[in-house]
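This briefing concerns a protein chain with a bound ligand. Its topics are the backbone, the ligand site and the confidence of the model.

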Amino acid sequence: MKTPSFYTLFGLGLCAQIAAAIGVEDSSSLERRADDILIDPAAIPSLPSLDKASAAAASNGLNLSNIQGDLLIGMRKNKEQFVFFSISNPLIFKKQFKKNVLPLITTTTQILNPPRRPKASLNIAFSSRGLVKLGIADNLNDTAFTAGMRNQAELGLLGDPLPLTDPGRWKPEFSGSTIDGVLIIASDTDTNMGGCRDAISKLFANCAKQVYSLSGAARPGNQAGHEHFGYADGISNPAIQGFDTASKGQPPFPGQAVVPPGEILLGNTGDRNTRPDWTKDGSFLAFRQLKQLVPEFNQFVNANPLPVKGLTKQQQSDLFGARMVGRWKSGAPVFLSPRVDNATLGADPMLNNDFNYALNGAAQADPTDQSRCPFSAHIRKTRPRADLNGSDPNSNHHIVRAGIPYGPEVTAAEARTSKSTKDRGLAFVSYQSNLLAGFQFIQRIWANNPNFVHPGTGFDPIIGANSSQPRQVKGLDLTNPNRTVTITTDFVVSEGGEYFFSPSMAALSSSRFSA
Ligand code: N7H
């Protein structure tokens, strides 16, 4: 079957007023925006103001106008669409890109300035294969990026069951190696996002085709900012010197890791690798489509109440779920609120990240004490804080998480039968300057490794992957920390993904991407 082009797929739509449709300077288009393109739930720390970020950037030599807008802002998009594409004619692509797309790419400066935010923000990133197609043969010095996510998964490095092509595993679009890049559109409404997408379809006519697309959205009502299992997400992202903070000292929110910009942005202080000059201010983007079996997860949690005296059965089950994650649904960390949820704590970014698993200001956490938080809890596995000793213990393994939930709410029938019949999950996105130290390290060396952070800790019960084999987890039961819980269902299922490079504005304007 012939694969449709962008033109065929989306039609002409708003092409006559492309700039007006998603332009940043058009006040009439701003008026038509129903709401902001970003959500602002209480649990997630707010972004720095443009003034503060600009001052921090100036003192760190960072140019926020050179950085694409999605890289540093975290998990706060209202609606987002990922359009994965394949390039059929590189020369026309470069010409069309320069003329029609480049002016619409949204920068970090624009995102930080609410009155100047576009009606829909647009970012672009390329796979290693896409760069080669555009004639960019430079070695970006990241072997995972060069190999691609499919290759790394096939080598068994991500814990995804093999072969990836078996039914129910990787989507054929990800396992087929045809993805050259991804467009990331964010907005407040489907209509505004659709307008942007229509414009893009026109721009890419005759030079690219859509391979796959995935639409995400913040969950409705008071669940905005919560992923599909119901837990507040996006609370703990690192503070970046030159964006959130001017100096190496205090982060704006207690408990936040402070990282040099080069841990996320290539070519900046803290990037430990040698890179081609043009990659400066770009970042590697790890995309994973992670399906979540929510009714099954709820059934498992409800079937495992922890026998803690003084709690109702429901509270005992909620405690079990919270200890799997390391946070309560409100966002309150179990380390600070070890028995029941505390919504006030969860909603306060000055308090909800202010812990390091050590008591009384100790530099290292007690390696025998899981009473407040299991070593295996998702947030402890993925950022062990003072479980690892040293002044900046987890340095070089930080990522900026920027994903969004996708799929509908659980239906009454799904809840009743404890069986998922609809497709939902997390469109996981992380930015880092080094995939082997960022996403891939966290997934492989920490979450999938039953002997991290201590021998016998077990898998991360949320994302730890064991090639679909049962996963053993210790420490979940605070009444019996040596009890092993065996989880036979993967509540988070990888449906594939890809590694991309998100170039700077200067790079996108150069002849590498524009002609
Ligand atoms: Fe995770 N969840 O609902 O359980 N995550 N995560 N994650 N995650 C976090 O602190 C979740 C995934 C990290 O600094 C929270 O923002 C789900 C992958 C890191 O203390 C919650 C999925 C990877 C942190 C979830 C998923 C990570 C973190 C608490 C998949 C990396 C910060 C809210 C469907 C390989 C840790 C918060 C810190 C936090 C959930 C995926 C990493 C609720 C459901 C694939 C580094």
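In this predicted model, Val 453 is placed in the loop between α17 and β11 (471-474). The peptide bond that joins Phe 452 to Val 453 is cis, with omega about 10°. The points below cover further backbone features, then the surroundings of the ligand, and then confidence.

**Backbone geometry**

- A cis peptide bond is also present between Leu 162 and Pro 163, where omega is about -5°.
- Pro 163 belongs to the loop between α9 (149-154) and α10 (172-175).
- Asp 281, a residue other than glycine, has a positive phi, near 75°.
- The location of Asp 281 is the loop between β6 (258-259) and β7.
- As background to these entries, most peptide bonds are trans, and most residues other than glycine have a negative phi.

**Ligand site**

- The ligand occupies the largest cavity.
- There are 26 residues around the ligand, and those that come nearest are Ile 235, Ser 236, His 378, Arg 385 and Arg 401.
- By residue class, the shell around the ligand consists of 14 nonpolar, six polar and six charged residues.
- At least two shell residues are supplied by each of β7 (283-292), α15 (378-382), β10 (425-432) and α17 (439-447).

**Polar contacts of the ligand**

- His 378, one of the residues that come nearest to the ligand, has a side-chain N or O atom 2.8 Å from a nitrogen atom of the ligand.
- Gly 234 contributes a polar backbone atom, which is 3.0 Å from an oxygen atom of the ligand.
- Arg 327 contributes a polar side-chain atom, which lies 3.3 Å from an oxygen atom of the ligand.

**Model confidence**

- The protein chain has a mean pLDDT of 91, and 91% of its residues reach 70 or more.
- Over residues 1-31, pLDDT stays under 50.
- For residues 1-31, the model has 59 contacts beyond four places in sequence.
- Where pLDDT is low, the predicted coordinates should not be read in detail.

Key. Residues are numbered from 1 along each chain as its sequence is written. This is a predicted model: local features need pLDDT of at least 70, side-chain atom pairs count only at pLDDT 80 or more; totals for chains, interfaces and linings use all residues. Side-chain values use heavy atoms; hydrogens and water are left out. A residue is near a molecule or strand if one of its heavy atoms lies within 4 Å of it. A polar contact is a pair of N or O atoms within 3.5 Å; within protein, one must be able to donate a hydrogen and the other to accept it, and residues adjacent in sequence count only if both atoms are side-chain atoms. On a 1 Å grid over the protein atoms alone, a cavity is a set of points where a 1.4 Å probe fits but cannot get out, and a pocket is an open set with protein on both sides within 12 Å along at least five of seven lines; lining residues have an atom within 4 Å of a point. A molecule sits in a cavity or pocket if more than half of its atoms lie within 2 Å of its grid points. Helices (H or I, at least four residues) and strands (E, at least two) are DSSP runs, numbered from the N terminus. Ala, Val, Leu, Ile, Met, Phe, Trp, Tyr, Cys and Pro count as nonpolar, Asp, Glu, Lys and Arg as charged, and the others, Gly among them, as polar. pLDDT is the predictor's confidence in each residue, from 0 to 100. Contact means heavy atoms within 4.5 Å.
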